[in-house]
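Ready for some practice in reading a protein structure? Take a look at the picture, then try each exercise before you read its solution.

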There are 2 protein chains.
Amino acid sequence: MTQTQPLHDVTGLVQPLLDRLNRELAGDLRPGHVEMNPLIEHVAGFRGKQLRPVLTFLSAMSMRGASHSGGIGDDVVTVAKVVELLHTATLVHDDVLDSASVRRRIQTINHLSGVETAVLLGDYIYAKAFHMAVQLPDPTAARWLAETVRVICQGEITQILHRFDYQWSEARYFTVIAEKTASLYAAACRLGGYYSDVRGANEGRLRALEEYGLELGIAFQIVDDCLDLDGDEEVVGKSLGTDLSKGKITLPMLYLLRDEGQAQKLRDLLGTSEAEGLRRLKAEFPLEHAIAYAMEEAQRRIAKAQASLTQLPEGPARTALDRLAGFVLTRRT
Amino acid sequence: MTQTQPLHDVTGLVQPLLDRLNRELAGDLRPGHVEMNPLIEHVAGFRGKQLRPVLTFLSAMSMRGASHSGGIGDDVVTVAKVVELLHTATLVHDDVLDSASVRRRIQTINHLSGVETAVLLGDYIYAKAFHMAVQLPDPTAARWLAETVRVICQGEITQILHRFDYQWSEARYFTVIAEKTASLYAAACRLGGYYSDVRGANEGRLRALEEYGLELGIAFQIVDDCLDLDGDEEVVGKSLGTDLSKGKITLPMLYLLRDEGQAQKLRDLLGTSEAEGLRRLKAEFPLEHAIAYAMEEAQRRIAKAQASLTQLPEGPARTALDRLAGFVLTRRT
């Protein structure tokens with residue numbers, strides 16, 4: 001069994017919807033001028049696990065206790081497409097921020113066409129996503145997602161403003177990762193549930209889906225931050241150690257900073273090159289303890305996400321959401 | 001009389017609305033985390049002539065033949081704020097694209113806080129603007145403006161893809177400047193008119209306002225492209241010659257490229273440093289003819305903009321729009 005097999009079992013339930021989403025997105029993004037086509041097609045290559053649209057679809061199904069993807073309306077598909085496009089726009093801009101040259105083993109837009117094109121292409125995709133959102137007759141998604149993007153940027157900016165800030169706390173770390181990462185997961189889940197049956201929308205169930213997405217997203221980011229320190233570059237498919245070199249203080253580092261002796265050594269190490277930083281971190285620090293500490297927090301978040309699912313009707317979609325949460329803890333990419 | 005006096009006479013009519021807009025924007029942009037405050041306050045310093053909200057307000061008044069700004073509703077103010085914020089977001093990203101260090105004599109965000117913060121702050125302001133737009137009960141502005149931002153980015157990307165492209169034509173130049181610059185002027189005018197009286201919205205008048213904004217915006221960009229080649233850096237307040245150094249082929253250059261002998265010399269000059277490029281352009285080319293040629297086109301556009309105003313009721317707002325169009329041709333900043 002390959003490593004992505006468990007996820008495939010989960011997404012199989014929504015595969016017809018995912019296929020439709022990817023088919024439609026290719027047409028939706030078609031630009032006004034043909035010379036932009038190669039850029040738009042290149043960006044499609046960044047699509048990975050498509051976790052966010054999977055969550056939107058499963059949330060829509062679980063809201064109604066549906067056992068198959070039939071009967072999921074056009075509005076849910078639109079929400080899933082908008083969420084996926086917003087995520088794509090953040091990736092294009094993230095690659096500019098990180099001066100990254102490779103994403104998912106293909107060239108980034110900034111590497112391929114320059115920083116200017118990458119900034120503008122991200123803006124283009126954001127605008128396209130908002131334009132799709134405001135076509136929905138019910139403005140809830142457009143309002144919620146515009147606020148979500150504001151919150152994502154707020155989280156990212158706050159993290160940048162606190163690089164190399166040794167007063168940084170776990171509480172602020174959790175706030176920032178909830179904003180920059182988990183808020184879009186929460187929106188994907190809540191809005192999938194909302195648009196599956198607007199008239200029958202049950203606030204208790206919507207809150208449960210939102211909570212599930214939020215805790216799942218927090219756990220996802222904690223695992224991401226662990227992989228940046230102890231992942232296998234070949235498997236993860238992107239360069240690691242960037243948090244260390246950029247002075248972004250993540251949960252495993254906060255654990256190490258608790259010890260006064262280690263703290264001084266870690267301060268000296270932050271800002272050095274990725275390779276050197278990772279080598280010394282592995283050689284001179286109890287990295288496995290720091291990772292274990294962070295992963296325990298991720299496990300607690302996943303347990304909380306799974307617990308909130310009990311508010312939803314039983315059925316294959318709820319089971320899939322439960323298994324998907326478990327997958328977050330074991331992922332290596 | 002100072003150079004901005006004529007514009008001041010025009011904007012006096014909407015000064016109470018502009019004051020309200022600036023007062024409200026300060027509160028609207030207040031961020032979730034206090035450490036972002038200095039960034040938000042710094043960006044407020046980029047505000048210049050505020051041409052776009054002035055156009056929204058004058059369009060709203062002229063639609064009804066109103067002689068004063070009383071009776072202009074909250075929705076028009078919201079549209080003007082959204083248009084101003086979208087423009088601000090494009091400025092923040094433009095400064096990243098141009099690696100500019102100064103805007104309106106203050107530091108750019110990328111110079112002050114780095115490229116990462118500038119990219120994210122632009123995204124933050126876009127998201128805030130869209131969030132304000134989707135609060136309007138009538139979704140027309142949100143839909144129109146999301147599409148406008150997509151078109152702006154499309155125009156900017158197309159221009160970048162055609163740098164140093166000596167097959168570039170006047171037709172494509174006009175398409176690109178209509179997209180990247182004039183589309184937001186057109187939206188500011190049309191939506192101001194639309195929200196001044198949604199139920200009484202008269203498509204003929206709205207089209208006239210849109211046409212006025214479009215032609216005004218095209219003329220504005222032509223003048224901008226002339227100032228980049230023959231403006232006074234002290235007066236314009238930003239570094240000039242950037243189109244030359246970046247290989248962006250503007251209308252005066254298209255004129256010079258018509259002559260085969262000059263064309264080869266100009267090709268050699270594109271891509272050199274700003275100072276050297278400008279010095280040689282002024283010394284070795286009939287620059288005054290090229291500027292005169294471009295300014296004649298700008299004049300034709302302004303005449304077209306003014307002609308479209310005849311579709312609107314007479315009154316001080318219409319007169320102000322007419323004078324504002326004339327101002328575009330004489331501006332030196």
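Below are five exercises with worked solutions, all on a predicted model.

**Exercise 1. Find out which helices of chain A touch chain B, and what kinds of residues they bring.**

Step 1: Start with the counts. On the chain A side 35 residues take part, and they are in contact with 35 residues of chain B.

Step 2: Ask where these residues sit. Helices H5 (74-97), H7 (115-133) and H8 (140-161) of chain A are the elements that each give two or more residues to this side. H8(A) supplies the largest share, with 13 residues.

Step 3: Sort by class. The chain A side holds 20 nonpolar, seven polar and eight charged residues.

**Exercise 2. Work out how chain A is related to chain B.**

Step 1: Lay one chain on the other. A turn of 180° with a shift of 0.0 Å along the axis places chain A on chain B with an RMSD of 0.0 Å.

Step 2: Name the relation. This is what a two-fold axis does.

Step 3: Check the surfaces. Of the interface residues of chain A, 100% are also interface residues in chain B, so the copies meet through the same surface.

**Exercise 3. Describe how H7(A) packs against H8(B).**

Step 1: Decide what to look for. Two packed helices are described by the angle between their axes and the distance between the axes.

Step 2: Read off both values. H7(A) and H8(B) (residues 140-161) pack at about 160°, and their axes are 8 Å apart.

Step 3: Apply the cut-off. Angles over 145 degrees count as roughly antiparallel, and H7(A) and H8(B) are therefore roughly antiparallel to each other. The crossing of H7(A) with H8(B) is left-handed.

Step 4: Look at the side chains' owners. From H7(A) come, among others, Leu120(A), Leu121(A), Tyr124(A) and Phe130(A). The residues they meet in H8(B) include Arg143(B), Val149(B), Cys153(B) and Ile157(B). By class, the residues of this contact are ten nonpolar, three polar and seven charged.

**Exercise 4. Do the same for H4(B) and H17(B), a pair within chain B.**

Step 1: Take the angle and distance. H4(B) (residues 51-63) and H17(B) (residues 316-330) pack at about 140°, with axes 8 Å apart.

Step 2: Classify the angle. H4(B) and H17(B) are therefore oblique to each other, and their crossing is left-handed.

Step 3: List the partners. Leu58(B), Met61(B) and Ser62(B) of H4(B) make the contact with Ala317(B), Arg318(B), Ala320(B) and Leu321(B) of H17(B). These residues divide into five nonpolar, one polar and one charged.

**Exercise 5. Is Phe164(A) buried or exposed, and is Ala294(A) buried or exposed?**

Step 1: Recall the cut-offs. A residue is buried if 20 or more other C-beta atoms lie within 10 Å of its own, and exposed if 12 or fewer do.

Step 2: Try Phe164(A). It sits in the loop between H8 and H9 (170-196) of chain A. Phe164(A) has 12 C-beta neighbours inside 10 Å, so this residue counts as exposed.

Step 3: Spot its backbone angle. Most residues other than glycine have a negative phi. Phe164(A) is not a glycine, yet has a positive phi of about 60°.

Step 4: Try Ala294(A), in helix H16 (residues 287-308) of chain A. Ala294(A) has 21 C-beta neighbours inside 10 Å, so this residue counts as buried. Beyond its neighbours within four places in sequence, the contacts of Ala294(A) include Ile222(A), Leu251(A) and Tyr255(A). Tyr255(A) is 39 residues away along the chain, yet the C-alpha atoms of Ala294(A) and Tyr255(A) are separated by 8.1 Å.

Methods:
Residues are numbered from 1 along each chain as its sequence is written. Chains are lettered from A and ligands numbered from 1 in the order in which they are written. This is a predicted model: local features need pLDDT of at least 70, side-chain atom pairs count only at pLDDT 80 or more; totals for chains, interfaces and linings use all residues. Two residues are in contact if their C-beta atoms, placed from the backbone, lie within 7 Å. Helices (H or I, at least four residues) and strands (E, at least two) are DSSP runs, numbered from the N terminus. Ala, Val, Leu, Ile, Met, Phe, Trp, Tyr, Cys and Pro count as nonpolar, Asp, Glu, Lys and Arg as charged, and the others, Gly among them, as polar. Copies are superposed by least squares on the C-alpha atoms of residues with pLDDT of at least 70 in both. Axes are lines fitted to C-alpha atoms, for helices over the stretch in contact, and angles run from 0 to 180 degrees between N-to-C directions. Angles under 35 degrees count as roughly parallel, over 145 as roughly antiparallel, 65 to 115 as roughly perpendicular and the rest as oblique. A crossing is left-handed if the near helix is turned anticlockwise from the far one by less than a right angle, and right-handed if clockwise.
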